[in-house]
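Dear colleague,

Please find below the structure that I am handing over to you. My findings follow it.

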Amino acid sequence: MDRIKILVVEDQTIVALNIKNKLKNLGYDVPCTAVSGEEAIKEAELKKVDLVLMDIMLKGNMDGIEAARIIKSRFGIPVIYLTACTDCETLERAEATEPEGYISKPFKEEDLYEIIETALLKSRSMKRK
């Protein structure tokens with residue numbers, strides 16, 4: 001069986017590497033990481049990923065919420081938000097994109113695994129309908 005491919009979108013290099021290593025330890029494939037919304041959209045299409053872990057606050061002209069909206073609408077790829085952000089306005093914008101979940105930074109490996117598996121299960125069941 002093919003390993004699940006996950007795109008990590010995080011503009012802090014050390015954090016992105018840490019997440020990538022956690023995902024690999026959990027048995028997932030991480031073909032690449034992205035640091036901006038624009039790069040995330042490009043990589044999601046090129047790498048044919050199964051899931052995107054998206055930081056809400058990114059460098060560049062496009063935040064993670066806008067990038068997630070585009071990735072979901074163009075490619076149907078489920079998105080989980082990685083966030084340390086707690087302001088209501090941002091969270092309302094994020095919720096409008098109907099993510100498969102949220103995980104607050106910092107997080108434990110087992111919490112990451114649980115949210116990913118739940119999101120993948122939810123995504124598979126939605127595609128069957």
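UniProt annotations may be inferred rather than shown by experiment, and their positions are given here in the numbering of this structure. Please also bear in mind that the model is predicted.

The starting point is Asp-55, which an unreviewed UniProt entry annotates as "modified residue: 4-aspartylphosphate". Asp-55 lies in strand E3, which covers residues 51-55. Is Asp-55 buried or exposed? Its relative accessibility is 5%, and because buried means under 20%, Asp-55 counts as buried. Apart from its neighbours within four places in sequence, Asp-55 is in contact with Val-9, Glu-10, Asp-11, Gly-64, Leu-82, Thr-83 and Lys-105.

Two of these contacts, Leu-82 and Thr-83, lead to strand E4, residues 79-83. Why is E4 described as largely enclosed by the rest of the structure? The reason is that five of its five residues are buried. Val-79, Tyr-81 and Thr-83 point one way from E4, while Ile-80 and Leu-82 point the other way. The residues on both sides are buried.

Strand E4 is also joined to two other strands. E3 and E4 run parallel and are joined by four bridges; Val-52 has Val-79 in E4 as its bridge partner. Four bridges likewise join E4 to strand E5 (residues 101-104), and these two strands run parallel as well. Here Ile-80 stands opposite Gly-101 of E5.

Finally, E3 and E4 form a right-handed β-α-β unit together with helix H3, residues 64-75.

Yours sincerely,
A colleague

Technical notes:
Residues are numbered from 1 along each chain as its sequence is written. This is a predicted model: local features need pLDDT of at least 70, side-chain atom pairs count only at pLDDT 80 or more; totals for chains, interfaces and linings use all residues. Side-chain values use heavy atoms; hydrogens and water are left out. Buried means under 20% relative accessible area, exposed over 50%, partly exposed in between (1.4 Å probe, protein chains only). Contact means heavy atoms within 4.5 Å. Two strands pair if DSSP finds at least two bridges between them. A crossover is right-handed if, with the strands pointing away from the viewer, the path from the first strand over the helix to the second runs clockwise.
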